[in-house]
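User: Please take a close look at chain B for me, beginning with the side of it that touches chain A, and then work inward to its helices. I am in my first year, so a connected explanation would help.

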Amino acid sequence: MTTPVDRPQTDTERTVTVTVNGVPREATVPVRRVLSDLLRDDLGLTGTHVGCAHGVCGSCTVLVDGDPVRSCLVLAVQVEGAEVTTVEGLAREDHRGGQVLHPVQEAFRECHALQCGFCTPGFLVTIAAGLEARDRSAEITEEEVDELVGGNLCRCTGYANIKKAVRHAATTMRDAR
Amino acid sequence: MTTKLFGEPVRRREDARLIVGKGRYLDDIGAGVLAAAFVRSPHAHARILGVDAEAALDVEGLVAIYTYEDLTGPMAEPLPVLIPHPQLHAPRTGYPLANGMVNHVGEPVVMVVATDRYVAEDAAERIVVTYEELPVVVGVDAAREARAVVHEDIPDNVAARHHQETGDVEPALAAAPHTLSFTQYIERSACTPLEGKGVHARWDADDESLRVHSSTQASTSVRAAIAAKLELSLDRVEVIAPDVGGGFGVKIVHPWPEELLVPMAAIKLGREVKWAEDRREHFVSSAHERQQRQEITVGYDDDGRITALDVHVWHDNGAYTPYGIIVPIVTATQLVGPYVVPVYRVVVESVYTNTVIVTPYRGAGRPQGCYAMERTMDRVADALGLDRAEVRRRNLITPDQFPYDHHLTFQDGRPVIYDSGDYPGLLDKLVALVGWDEAAALRADAQARGKLLGVGMALYVEGTGPGPYEGGHVQVLGSGKVLVSTGLTSQGQGHETVFAQIVASELGVPMDDVEVHTGDTRRFGYAVGTFASRAAVMSGNAVALAARGVREKAIRIAAEVLEANPEDMEIDEGLVQVKGTPGASIPLRTVAVLSNPLRYAFDEAAKQATQFAGPGDDSKPPVAPGDAPGLEHRDYYSPIRSTFASGAHAAVVEIDPQTWEIDVVRYAVVHDCGNVVNPMIVEGQVHGGVAQGVGGALYERMAYDADGQLQNASFMDFLMPYASEVPDVVIDHQETPSPLNPLGIKGAGEAGVIPGTAAIASAIEDATGRRIASMPISPTELYDLMRDETAERTAASRQTSLQTGVPA
């Protein structure tokens with residue numbers, strides 16, 4: 001026999017103010033809501049995907065104040081006042097209102113680093129943050145590449161082309177200095 | 001310039017949306033709609049005594065609760081046996097919601113619908129189900145002993161006895177100069193796409209129509225199943241597979257209970273309902289594959305040539321058999337691989353266990369068959385003291401033997417007749433690519449570094465592109481846009497790109513003009529599905545035939561306008577033109593306009609086709625008999641039988657004799673899938689398959705305990721490879737076109753995974769000198785094997801007194 005759960009429903013709500021991809025946003029959410037649900041369901045940014053909901057696969061990775069975090073393990077109320085970047089915010093607008101892809105996005109396409117694309121946003125933001133943070137003039141090492149791709153799961157690509165894309169993006173960013 | 005994109009590594013067009021977060025996966029659809037959650041069985045085998053939902057009723061936001069008692073008509077009947085077979089003598093399927101019994105942990109018992117998933121789970125955890133636990137069957141050995149039974153009316157737990165033979169095996173074995181008999185095991189893994197399953201349903205009460213999105217590999221058949229089960233007319237149901245976050249086989253099974261229950265709730269409630277599977281649900285309620293016990297007897301001569309092969313497989317099919325015996329049939333028939341096996345008998349007993357169902361996972365029985373055959377080759381080589389590559393070479397079917405008839409019946413009911421191939425070519429390339437003949441030097445180098453090194457190889461032949469058919473529709477719009485549609489679905493294989501390449505090449509238009517749609521029953525209602533490496537073969541050829549039909553019509557119309565001979569005309573870069581006559585041309589988009597005689601000029605282009613626009617021939621009707629308005633064509637490709645792709649893999653492993661960590665340091669692939677549409681995509685498929693092969697050989701297993709509890713139902717505990725576990729892969733290609741289809745292609749989707757377990761087992765055995773007869777193998781298991789005095793040693797290790805560094 002299963003045991004009934006006697007837990008009060010957690011319906012306390014809080015208003016969260018957060019800057020997402022440079023845009024100030026506000027949402028009133030139950031305190032138990034996780035960040036991935038805030039982004040996807042309350043703010044309509046469905047580019048962030050949930051692959052395991054227990055912090056292992058990395059599909060839901062977003063940047064909070066520049067650092068990669070698993071948005072399935074962070075409560076929405078924890079990002080109060082923070083700057084969040086999702087895959088939708090990686091590209092920047094050019095002066096004509098068009099979109100300029102981040103070098104990592106370009107590299108993923110060029111190197112066939114995605115197949116079904118479900119895990120891709122998590123890889124993109126993680127790698128973008130890593131490449132932004134390093135000394136661009138230095139040749140990227142294999143250890144750095146392994147570090148940047150090593151925390152996320154992909155079931156389609158076998159990772160070879162993801163690693164290739166990291167090298168490709170690093171070269172582009174070096175040359176664009 | 002001639003538009004020729006077939007065979008080029010064209011960059012994928014799906015990527016434009018996927019890299020900016022604009023993909024549209026199942027859970028991205030229907031923001032704010034009602035959510036479903038399920039109460040699932042916590043027991044592997046139990047009788048349901050009661051369901052008490054009282055405590056859930058107070059949950060604010062609860063909308064509905066459904067149990068089996070709420071199911072009516074066909075919904076109250078068992079789920080369909082999708083692929084019946086005469087030798088599946090005792091098929092069993094579950095119900096959409098359990099009907100009094102549960103046969104595995106994770107089986108759905110109650111569906112809850114609420115305002116969102118949080119609330120649905122609040123309600124679900126307050127529902128009390130009372131069970132009477134029953135004895136549990138886990139694993140093939142327990143199933144065959146049958147001290148406990150899964151279904152009480154099946155006392156031996158056997159669902160099917162599949163039997164094929166190509167001659168009289170017993171006298172052949174008796175006459176063989178040598179025989180060997182052995183038993184080996186292979187464990188369960190699973191597809192594990194990063195996106196689980198999911199269903200969204202919207203009922204339009206005014207229109208009495210249902211629109212369902214499902215993360216499926218077979219939208220047309222899901223549609224038919226929903227219509228049948230919910231008693232709707234087919235024309236009132238549409239099913240769309242949106243962007244699908246990986247499939248690998250698990251999403252070909254249908255209708256999943258949720259694919260029926262979510263639409264049922266949407267109709268009953270008159271509101272949109274969605275369910276997105278969570279990771280634990282995927283582990284315990286989707287599907288697994290691979291577990292078999294294989295009993296093998298082989299007869300062979302002094303040269304290592306096989307004279308007879310007798311295989312008895314015990315196949316674990318889990319609690320139910322909705323997908324029939326496809327996986328065991330594939331094992332049975334693909335086992336013989338690229339080899340001449342003069343007399344072959346295979347018996348597969350497919351048995352019930354109280355575990356998640358077993359249905360195709362990429363490879364779909366082939367990895368097990370390859371493991372059986374290739375390990376047999378290794379044993380024969382070892383017994384005779386011959387090189388493993390040489391023994392294989394002596395048994396290979398030679399290029400002059402095609403078409404080669406194995407006298408077996410394949411999973412599509414058609415004969416196993418290999419269409420084309422060059423297996424010695426594969427082997428030669430593999431030996432060169434991996435450096436097989438330099439293994440001794442590699443071994444010595446590793447030994448100097450304190451490591452054990454071994455090499456292993458495995459070859460396979462893969463039946464790809466089975467029928468019955470797929471279709472394609474190609475339509476040129478007045479804007480010049482070329483719309484292509486096919487019914488099968490996509491899960492990341494790049495169909496939008498490869499089908500566009502094919503159509504652009506066939507039709508002679510720029511690829512940017514081509515737009516491809518898959519898996520949407522509104523656009524194409526007839527289809528089978530995406531499985532068995534069939535999409536490129538089936539839909540690729542279907543869209544090519546459809547494009548050829550459009551091309552023919554365009555040339556006919558243009559020839560009339562230009563007063564030219566159709567045979568002198570071509571289409572290039574979207575221009576229909578007389579060959580070698582500059583200026584004598586007409587844009588394809590104009591031909592599309594002219595193909596549809598009009599009364600009303602709704603835009604500038606349309607004016608050209610109206611009734612007073614040109615002289616016209618008033619002796620003929622505007623649309624000729626047998627013709628149709630519009631520049632479009634629909635065609636189907638239905639093959640006589642499957643194509644047979646092939647390949648050879650080799651692995652070099654290094655083992656640390658302190659930790660017994662197994663590191664694949666080199667992995668070589670030679671691959672032949674006939675003509676290649678897009679080599680970049682084919683290599684991507686191979687890379688991904690190899691990663692799954694390595695995972696299946698070294699890391700992944702479904703760890704059931706004796707009570708039928710899956711102990712590792714999370715990504716914390718089920719070890720799917722990260723980048724750090726996947727070796728660099730070197731690939732060489734061979735292209736042996738298929739004579740069976742217009743494009744000469746064979747499938748490539750599953751190939752990469754098939755020989756992984758066999759090749760890596762062989763390499764570990766080579767490194768350690770211990771017989772590897774159970775896969776996957778962990779460092780701990782290898783450590784135990786090395787310390788086990790009774791463990792079988794290979795003849796090679798005894799002869800060379802291989803240093804294996806067993807710790808004291």
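Analyst: In this predicted model, 52 residues of chain B are in contact with 49 residues of chain A. On the side of chain B that touches chain A, the elements that give two or more residues are the helices α1 (15-18), α2 (117-124) and α16 (679-698), together with the strand β6 (128-133). Of these, α16(B) gives the most, with 6 residues. If we sort the residues on this side of chain B by chemical character, they divide into 25 nonpolar, 13 polar and 14 charged.

Stepping back to chain B as a whole, we find 19 helices and 29 strands, and the C-alpha trace spans about 95 × 75 × 50 Å along its principal axes. A useful check on the overall form is the radius of gyration: because a compact globule with 808 residues would have a value near 28 Å, the 29 Å of chain B agrees with that expectation. Of those 808 residues, 59% count as buried. The contacts within chain B can also be sorted by separation along the sequence, and among those between residues at least 6 apart, 81% join residues at least 24 apart.

One of the helices, α8 (residues 326-334) of chain B, shows what burial looks like in a single element, for this helix is mostly covered, with 9 of its 9 residues buried. The buried residues of α8(B) include the nonpolar-sounding run Ile326(B), Val327(B), Pro328(B), Ile329(B) and Val330(B), and they also include Thr331(B), Ala332(B), Thr333(B) and Gln334(B).

A pair of helices shows how two elements meet. Helix α9 (residues 366-384) of chain B packs with helix α10 (residues 388-395) of chain B at an angle of about 115 degrees, and their axes are 9 Å apart. Because angles from 65 to 115 degrees count as roughly perpendicular, α9(B) is described as roughly perpendicular to α10(B). The crossing of these two helices, α9(B) and α10(B), is right-handed. On the α9(B) side, the contact is made by Met377(B), Asp378(B), Val380(B) and Ala381(B), while α10(B) brings Arg388(B), Val391(B) and Arg392(B) to the contact. Taken together, the residues of the contact of α9(B) with α10(B) divide into 4 nonpolar, no polar and 3 charged. The spacing of such residues can be read with a general rule in mind: an α-helix has 3.6 residues a turn, so residues three or four places apart point the same way.

Key
Residues numbered from 1 in each chain as written. Chains lettered and ligands numbered in written order. Predicted model: local features only at pLDDT ≥ 70, side-chain atom pairs only at ≥ 80, totals over all residues. Contact = placed C-beta atoms within 7 Å. Helix = DSSP H or I, 4+ residues; strand = E, 2+ residues; numbered from the N terminus. Nonpolar A, V, L, I, M, F, W, Y, C, P; charged D, E, K, R; others polar. Rg over C-alpha atoms; globule rule 2.2 N^0.38 Å. Buried ≥ 20, exposed ≤ 12 C-beta atoms within 10 Å, placed from the backbone. Axes fitted to C-alpha atoms, helices over the stretch in contact; angles between N-to-C directions. Parallel < 35°, antiparallel > 145°, perpendicular 65-115°, else oblique. Left-handed = near helix turned anticlockwise from the far one by under 90°.
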